[in-house]
Amino acid sequence: MPAVVGADAEPAVELTHLFLWPHSGCNCRCAMCDIWLDRSRRTIDPADVEEWAKEWERLGVRFVSLTGGEALMHREIWRIAAILRDHGIRIALMSTGITLARHAEAAVRHCGLVVVSLDGPPQVHDAVRRIPNAHRKLAEGVAELRRHRPSFPVFGRCAVHRLNFRHLRETVEFSRQLELTRLSFLATDVTSEAFNRPSGWAADRQEAIALASDDLPELEEELDRLEAECRADFESGLIMDPPQALRTKLLGFYRAHNGLGEFPPVRCNAPWASAVVEVDGTVRPCFFHEPYGNVHEAGSLEAVLASPKAVAFRRELDVRTNPICRRCVCPQTYPRHSETATPSSLAAAAAG
């Protein structure tokens with residue numbers, strides 16, 4: 001997928017991946033996210049998913065990530081999952097892990113992958129999540145998944161920020177204890193309006209989470225030690241990114257955030273190969289850009305994607321220069337319809 005769009009003809013939209021937001025809320029109070037402040041308890045109606053899934057199958061959607069917030073807060077989440085499966089769509093569940101244990105049997109039956117949030121070793125994880133014993137509940141959930149299917153893939157996703165950047169090696173150690181399949185690290189978004197921040201964060205909130213220039217030598221030292229002490233974990237693939245790519249992803253990003261260089265180059269086809277469908281039917285090209293429209297108002301996802309606003313957005317978007325794309329912490333490249341989508345490639349895209 002070309003990174004530069006502003007050409008005469010827009011590259012074709014070939015949806016392979018959707019992010020579906022079934023429940024508006026969350027069962028954690030994470031320091032780097034405000035989704036938990038939404039107390040509306042809005043949910044997606046499974047009857048709507050029944051109609052949408054027919055269209056999504058026709059459009060070539062292969063993979064849906066159940067995201068949020070916390071998808072497991074939806075009382076009929078497994079009815080939604082069954083609908084998607086009936087249309088040949090693979091499912092990834094993205095979860096805090098808080099209630100995963102009670103859903104483990106259904107998760108391994110309906111999903112091909114579970115991605116759990118991991119914020120550090122136990123005490124750090126609990127401090128970031130701001131939920132007592134969050135690490136224990138996460139561990140119990142992963143153990144239950146393993147009890148039902150020992151080989152079931154469980155990926156960990158760690159957003160690195162000021163509260164946990166000194167504990168990367170300990171995070172890897174905890175992921176080993178949890179017997180995670182793979183672990184990804186990414187920088188933390190503090191500047192966009194995503195994650196229930198409609199007006200963005202004030203400077204003091206950003207400074208509390210993002211690494212400052214004074215923190216960068218410690219981050220570099222931690223990355224050095226991670227490479228030296230966790231070499232086997234890089235080689236086995238437990239740590240998803242190779243050492244140099246991880247340095248770019250974290251150190252390069254936070255250097256640029258502090259005005260000490262350019263943001264790492266972005267390669268991403270998300271607006272052409274994926275979309276986010278929020279709990280009220282709002283459709284976005286990704287989590288960070290403004291909405292295209294609403295499925296309920298337009299009548300279908302295809303109508304939203306073909307709307308003048310959506311077409312103009314994609315035609316004008318150059319991910320190499322767009323300020324939101326340049327600061328993106330999780331750019332993605334999804335397979336197109338003509339390409340083979342393996343479970344591992346789709347899993348990697350879901351985990352970031």
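Start by selecting Phe 288, which counts as buried at 12% relative accessibility (buried is under 20% relative accessible area, exposed over 50% and partly exposed in between, with a 1.4 Å probe and protein chains only). Before you go on: this is a predicted model, where local features need pLDDT of at least 70, side-chain atom pairs count only at pLDDT 80 or more, and totals for chains, interfaces and linings use all residues. Residues are numbered from 1 along each chain as its sequence is written, and side-chain values use heavy atoms, with hydrogens and water left out.

**Aromatic rings**

A search of the whole structure turns up seven aromatic pairs (ring centres of Phe, Tyr or Trp, the last by its six-membered ring, within 6.5 Å; planes under 30 degrees apart are stacked, over 60 edge-to-face, the rest tilted). Add Phe 195 to your selection: Phe 195 and Phe 288 make an edge-to-face pair, 5.9 Å centre to centre with 75° between the planes. The two are 93 residues apart, with Phe 195 in the loop between strand S6 (182–187) and helix H7 (203–209), and Phe 288 in the loop between strand S8 (282–284) and strand S9 (293–294). Those labels are DSSP runs numbered from the N terminus: helices are H or I with at least four residues, strands E with at least two.

Is Phe 195 buried or exposed? Neither quite: Phe 195 is partly exposed, at a relative accessible area of 25%. Check its backbone too, since Phe 195 has a positive phi of about 60° without being a glycine.

Now pick Phe 19, Trp 21 and Phe 287, which form one aromatic cluster.

**Charges over rings**

Go to Trp 201 and look for Arg 197, whose charged end sits over the ring, 4.5 Å from its centre (NZ of Lys or CZ of Arg within 6 Å of the ring centre and within 35 degrees of the ring normal). Then try Trp 36, where Arg 29 lies over the face at 4.6 Å from the ring centre.

**Two helices**

Show H8 (residues 216–229) and H10 (residues 243–257): they pack at about 170°, axes 11 Å apart (axes are lines fitted to C-alpha atoms, for helices over the stretch in contact, and angles run from 0 to 180 degrees between N-to-C directions). H8 and H10 are therefore roughly antiparallel (over 145 degrees; under 35 is roughly parallel, 65 to 115 roughly perpendicular, the rest oblique). For sticks, residues in the contact include Leu 219, Leu 223 and Glu 227 of H8, and Leu 246, Leu 250 and Arg 255 of H10 (contact means heavy atoms within 4.5 Å).

**Buried stops**

Select Arg 146 in helix H5 (residues 134–148). Arg 146 counts as buried, at 13% relative accessibility. Beyond neighbours within four places in sequence, Arg 146 contacts Ser 151, Phe 152, Pro 153, Val 154, Glu 179, Leu 180 and Thr 181.

Next is Thr 99, in the loop between strand S3 (90–95) and helix H3 (100–110). Thr 99 is buried, with a relative accessible area of 15%, and touches Asn 27 and Leu 72, not counting residues up to four places away in sequence.

**Backbone oddities**

Most residues other than glycine have a negative phi, and most peptide bonds are trans. Zoom in on Gly 68 and Gly 69, joined by a cis peptide bond with omega about 15°. Last, pick Arg 130, in the loop between helix H4 (122–129) and H5. Arg 130 is no glycine but has a positive phi of about 60°, and at 36% relative accessibility Arg 130 counts as partly exposed.
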